[in-house]
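Student: I am new to this structure. Can we go through it in short steps?

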Amino acid sequence: MPRAIISGQFSDNQIVADLEPQFSQYPANKLEFLLGAASSLDANSNSFTVTLNKGGQKVVKYNRLIIATGSSAKDGMPWKLGASAGITLDSLHELQDKIRKAQTVVVAGGGLTGAEMAGELGFEYASQSKKEVIFIYNDMISKTHVTDVTTEGANTIIKVRGSDGEMSSVLAQTYIPSLGLSPNTAFAPASMRNANGYLKQMTTLQIEGHPNIFVATHFIKNLSTILSGGQMLEYSASSRKFYGFTLDRSRAIGQMGNCKLFSLLV
Ligand SMILES: Cc1cc2nc3c(=O)[nH]c(=O)nc-3n(C[C@H](O)[C@H](O)[C@H](O)COP(=O)(O)OP(=O)(O)OC[C@H]3O[C@@H](n4cnc5c(N)ncnc54)[C@H](O)[C@@H]3O)c2cc1C
């Protein structure tokens, strides 16, 4: 996704695809495709309500429920699919346009998304001095924090506290916050969510107190166990670091355990 913020790199249909035709091979009386958003969940009656994109609502009953609603980027940034493909693309086009017109672009947040984004902008614009690109991050080396963001006409003023505690301001025409993700769990009752808004998932992927509701992250190894009501496997999170990300169109970096991954491998 980070490269998609540079206009002309990808066409819209390389970014989003229509899912419904992919499911047309299955009999309609066995697999029902609803385009919409789960808006409420009532575990007492084993049902949830879907607000349909075409209008109206539909109540769906379940025996077992698998929740895979993922997360959204903070500050409405289009790094994940939003309420619909159209809304995501509109938001992406708006950002591309702002970047195209800006003299200075600020990326805040040194996670994988922010670092990839800064690399893409650096490659496209800063390397040829077409635009100034400023990357603000606050890990062990830099410890620079964005403390306040305001707009004044076409400019965004970003107040920053440096590692020495000194305050300063950066003026930009485009500000790109890449400050993490929030879980898409607003439809679930408050009793199912923890203080950070995440569902109270147990190591068996079930929600505490609701053995027929499961939370899926990337993939589920024992899906057939879930559907047949068998004994669930216990999951444990790996503490091993394993990631890779691009720094521009020609270089990448990563880590596997204690080993650095070289550009060519990523
Ligand atoms: C910039 C970026 C780059 C990444 N690059 C990589 C990579 O190279 N490799 C990799 O493995 N991972 C990558 N990731 C991580 C990857 O995107 C996530 O791990 C993955 O998207 C998780 O998938 P998911 O299906 O659980 O959730 P999501 O992708 O968040 O999907 C959840 C879906 O549920 C929908 N939804 C939300 N609320 C509701 C609701 N109430 N009702 C119905 N539907 C709802 C959302 O619209 C969305 O379509 C990247 C992430 C980002 C942000």
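Student: Which residue of E14 is the bridge partner of Ile66?

Tutor: This is a predicted model. Strand E14 covers residues 210-215, and E4 pairs with E14 in the parallel sense over three bridges. In E14, the partner of Ile66 is Phe214.

Student: What is the strand order of the open sheet with mixed pairing?

Tutor: The sheet has three strands. Its edge strands are E4 (65-67) and E13 (206-207), each pairing on one side only. The order is E4-E14-E13.

Student: Which strands are the edges of the open sheet with antiparallel pairing?

Tutor: This open sheet has three strands in the order E8-E9-E10. An edge strand here pairs on one side only. The twist from one strand to the next averages 20 degrees. The edges are strand E8 (145-152) and strand E10 (167-172).

Student: How many bridges join E9 and E10?

Tutor: Strand E9 spans residues 155-161. One bridge links Thr156 to Ala172 in E10. The two strands pair in the antiparallel sense, and the number of bridges is six.

Student: How many helices and strands does the protein chain have?

Tutor: Take the chain as a whole. Its C-alpha trace spans about 60 × 45 × 40 Å along the principal axes. The count is four helices and 17 strands.

Student: What percentage of the residues count as buried?

Tutor: To count as buried, a residue needs 20 or more other C-beta atoms within 10 Å of its own. The protein chain has 266 residues. The buried share is 18%.

Student: Among contacts between residues at least 6 apart in sequence, what percentage join residues at least 24 apart?

Tutor: Contact here means C-beta atoms within 7 Å. Start from the contacts in the protein chain between residues at least 6 apart in sequence. The share joining residues at least 24 apart is 46%.

Student: Which residues surrounding the ligand are the closest?

Tutor: The ligand is surrounded by 16 residues. That shell divides into eight nonpolar, seven polar and one charged. The closest are Ala37, Ala38, Thr69, Gly70 and Asn184.

Student: Where does UniProt place the "domain: FAD/NAD(P)-binding"?

Tutor: The label comes from an unreviewed UniProt entry. Over the listed stretch, the chain is 26% helix and 30% strand. The C-alpha atoms at its ends are 43 Å apart. UniProt lists residues 23-136.

Conventions
Residues numbered from 1 in each chain as written. Predicted model: local features only at pLDDT ≥ 70, side-chain atom pairs only at ≥ 80, totals over all residues. UniProt positions renumbered as here; feature names shortened; annotations may be inferred. Near = placed C-beta within 6 Å. Nonpolar A, V, L, I, M, F, W, Y, C, P; charged D, E, K, R; others polar. Buried ≥ 20, exposed ≤ 12 C-beta atoms within 10 Å, placed from the backbone. Contact = placed C-beta atoms within 7 Å. Pairing = 2+ DSSP bridges. Axes fitted to C-alpha atoms, helices over the stretch in contact; angles between N-to-C directions.
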